[in-house]
Amino acid sequence: MDNNRTAIEICNLSKSFGDKKILDNINLKIRQGEFVTLLGPSGCGKTTLLRIIGGFTEPDSGTVLLDGRDISSMPPYRRPLNTVFQRYALFPHLDVFDNVAFGLKIQGLKDDEIDKRVRKMLKMVTLSDYEDRDISSLSGGQQQRVAIARALVNYPKVLLLDEPLSALDLKMRKDMQIELKEIHDKLGITFIYVTHDQEEALTLSDTVVVINEGRIQQTGTPADIYNEPQNSFVADFIGESNILNGKMICDRRVEFAGHAFDCVDEGFGENVPVDVVVRPEDIYIVGQTSAGQFTATVKSRTFKGVHYEMFVETDTGNELMIQDYNSFEPGSEVGLIIKPQDIQVMKKERVCNTFSGRMTDSTHVEMLGGVWECLPQQDLEPGAAVRVEVDFNKVDMVDNLDDGTVTGEAHFILYKGDHYHIDILSDEGWHIYADTTYVWDKGDLIGISILPKDLRISRSDEN
Amino acid sequence: MKIKRNAWSIPYIVFLIIFVVFPLILVGIYALADADGNFTFANVARFFSDSDALSTLALSLDIAIETTALCLLIGYPVAWILANREFNHSGVTIVLFILPMWMNALIRTLATAQLFNMLGFTPGRGTLLAGMTYDFLPFMIYPIYNVLLKTDQSYCEAAADLGASPFKVFRKVVLPLSMPGVLSGVMMVFMPTVSTFAISEFLTNNKIKLFGTIIQENINSSMWNYGAALSLLMLIIIGITAFVATDERDTEEQGGSAV
């Protein structure tokens, strides 16, 4: 079989529910026989994408191609795809055999053919002798197997799986992961698998598609995604990581945590701010401080079974997470080494907040759904469209919502070694980014105020 | 002293004894006694030789079955449309269908009879069936609507996913899953229609007598024992219907709504 043939191609797909944009211009190619995982936090749009492929949700724009044929307007019952639903959706009025045989009976196959295929499929999911059982008498894991058999018995071109293992307990989930992988290898059917569990995605997939806020963040093999995250969201979402602010001094030389390191990245330019990711297992820790590139003090230590997890404070005041087989006493001075190939440098998505607004008078600007006091602007008439820049660390976050000019909630929080980078989603739907040393939790309501002197206002080029 | 929890049920037990158990025993005693109070099967035997009463019972069953069938035929599609979010976005429509149930059935029936009269329909079997169907339709719609509303949409999606056209989704999934509601509806329409009397009088100007009418006439003319025997037979018929329907529903296993 030609394994480079494209089975599913998604072009410029967008979908909104009301005002909320669920999917924003998704483009994706899935090869024949590939095990692809759509991975992202809940509400990122991954399930909607799967439902659009299955035909249960109509996209606002864009197309879905199956073997090069546009199936966007094809109703689900005509699509040669089958789905394993999150809650299985097994028919409660039918027994195991009739559930699995449902699709074949619809196709009008002969009884003995149906019988043969259903029994073969039940044998594959190790549920022989369960033919006459009621669905309600099965355990979660058994129902899961019936759901998989019911979908696969139709020999679909593509199998869609919507968080199929999320209802199972940990042990059974691990077992089913192995079984799913075996089934995939045996049948060679294209699997599109939706999950929010990054470990599951890394274990099962040929290709992982990381989705957040309706956009594809990164597509790649599990190793690519883990070792070369393209932005801080992916780095934070996949596995444990130290994400730090850094500066690209020149090609192959980067500065972070107050020290300069050799690295393998180039092409960023000179003295460009970047995000740096170092995985906790990639920091080498030595007892002799002189043997390290820089020194640190061990702050805490937790035994994790295979390794120890230690938090250290570097000589420049950054906190790093380190995983190592050797244990170091909290309080002890250690030397740290980071090898060039273990440093992943990422372009910063933004270096400061940029808002568009409008002057209401010479000392007030309207933006983000509020009116803000600013320094007197002589050359900007009221009503003028302006661009406002605010540094991350100048955004003041307060508990008391009445003290803020606008309010919002903590949407995404990233720990950067010595401060938190918080993405605040304002009530009006704007993103405001702030750096703070205070601890906030996701979902906390935050009042936002900015000092007049910290608003950098310039006439907008737009209009 | 602490009152035992069982004690709370005493008022209800007393109520049940006075208004349910005692009357039932009385019906039984009267049915199996002659005018002097002696034990006899004569009343029951009289019914089986009373061709008039037998044919009225047959007619009653016939009318009840037809009414139930008509209610089901009209009620199921209505319930399906009401439960379908594509067609029905608000709860207003369902309230409009339930609204007539808030009114006294006799007043409603009188109004219906007047309406038929005004439209010039001859009172008879036609007006009886139409009026009774109108009267009992909400009792059919509501339980079916309830079950359909609670039916998980994912079953329909799963069926469509497996290649079932919308019609096949309905026939193979929606219909079987809504059977508990259908059974509830059938019981709630069949049981009151088989024993009705006043409604048939109003709707047919007393032209058609149903079994309930005969019981009422017997009791009104102080023929307590025969009236009681007929009531007992009616009870047995209703009991059998309820028993069969409940049994059927148990074997369905899928928990529907028993309104």
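This passage describes selected strands, helices and contacts in a predicted model with chains A and B.

In chain A, strand β7 comprises residues 158-162 and is mostly covered, with five of its five residues buried. The side chains of this strand are divided between two directions. Val158(A), Leu160(A) and Asp162(A) point one way from β7(A), whereas Leu159(A) and Leu161(A) point the other way. The residues of both groups are buried.

Strand β7(A) has pairing partners in β6 and β8 of chain A. With β6(A), which spans residues 81-84, the pairing is parallel and extends over four bridges. One position in this pairing is given by Thr83(A), whose bridge partner in β7(A) is Leu160(A). Leu160(A) is also one of the residues that share a direction with Val158(A) and Asp162(A). With β8(A), formed by residues 190-195, strand β7(A) again pairs in the parallel sense, here over five bridges. In this pairing, Asp162(A) has Val194(A) of β8(A) as its bridge partner.

An antiparallel arrangement is found elsewhere in chain A. Five strands of this chain form an open sheet, in the order β15-β19-β16-β17-β18, and their pairing is antiparallel. The edges of the sheet are occupied by β15(A), residues 283-286, and β18(A), residues 319-324, each of which pairs on one side only. From one strand to the next, the twist averages 45°. Within the sheet, β16(A) (residues 294-303) and β19(A) (residues 333-338) are joined in the antiparallel sense by four bridges. Thr295(A) has Gly335(A) as its bridge partner in β19(A).

Near the start of chain A, Arg5(A) lies in the segment that precedes strand β1, residues 6-17. Arg5(A) counts as exposed because 11 C-beta neighbours lie inside 10 Å, and the exposed class covers residues with 12 or fewer. When neighbours within four places in sequence are left aside, Arg5(A) is in contact with Arg31(A) and Gln32(A). A separation of 62 residues in sequence lies between Arg5(A) and Asp67(A), yet their C-alpha atoms are 8.1 Å apart in space.

In chain B, the packing of two helices was examined. Two packed helices are described by the angle between their axes and the distance between the axes. Helix α5(B), residues 105-119, packs against helix α6(B), residues 125-150, at an angle of about 140°, and the axes are 10 Å apart. The two helices are therefore oblique to each other, since angles over 145 degrees would be needed for a roughly antiparallel pair. Their crossing is right-handed. On the side of α5(B), the contact is made by Ala105(B), Arg108(B), Thr109(B), Thr112(B), Ala113(B) and Phe116(B). These residues meet Thr127(B), Gly131(B), Tyr134(B) and Asp135(B) of α6(B). By class, the residues of this contact comprise four nonpolar, four polar and two charged.

The two chains also touch each other. At this interface, 17 residues of chain B are in contact with 18 residues of chain A. On the side of chain B, the elements that give two or more residues are α7(B), residues 153-161, and α8(B), residues 166-177. Helix α7(B) gives the most to this side, with six residues. The side of chain B that touches chain A consists of eight nonpolar, four polar and five charged residues.

Conventions:
Residues are numbered from 1 along each chain as its sequence is written. Chains are lettered from A and ligands numbered from 1 in the order in which they are written. This is a predicted model: local features need pLDDT of at least 70, side-chain atom pairs count only at pLDDT 80 or more; totals for chains, interfaces and linings use all residues. A residue is buried if 20 or more other C-beta atoms lie within 10 Å of its own, exposed if 12 or fewer, and partly exposed in between; C-beta atoms are placed from the backbone. Two residues are in contact if their C-beta atoms, placed from the backbone, lie within 7 Å. Axes are lines fitted to C-alpha atoms, for helices over the stretch in contact, and angles run from 0 to 180 degrees between N-to-C directions. Angles under 35 degrees count as roughly parallel, over 145 as roughly antiparallel, 65 to 115 as roughly perpendicular and the rest as oblique. A crossing is left-handed if the near helix is turned anticlockwise from the far one by less than a right angle, and right-handed if clockwise. Ala, Val, Leu, Ile, Met, Phe, Trp, Tyr, Cys and Pro count as nonpolar, Asp, Glu, Lys and Arg as charged, and the others, Gly among them, as polar. Two strands pair if DSSP finds at least two bridges between them.
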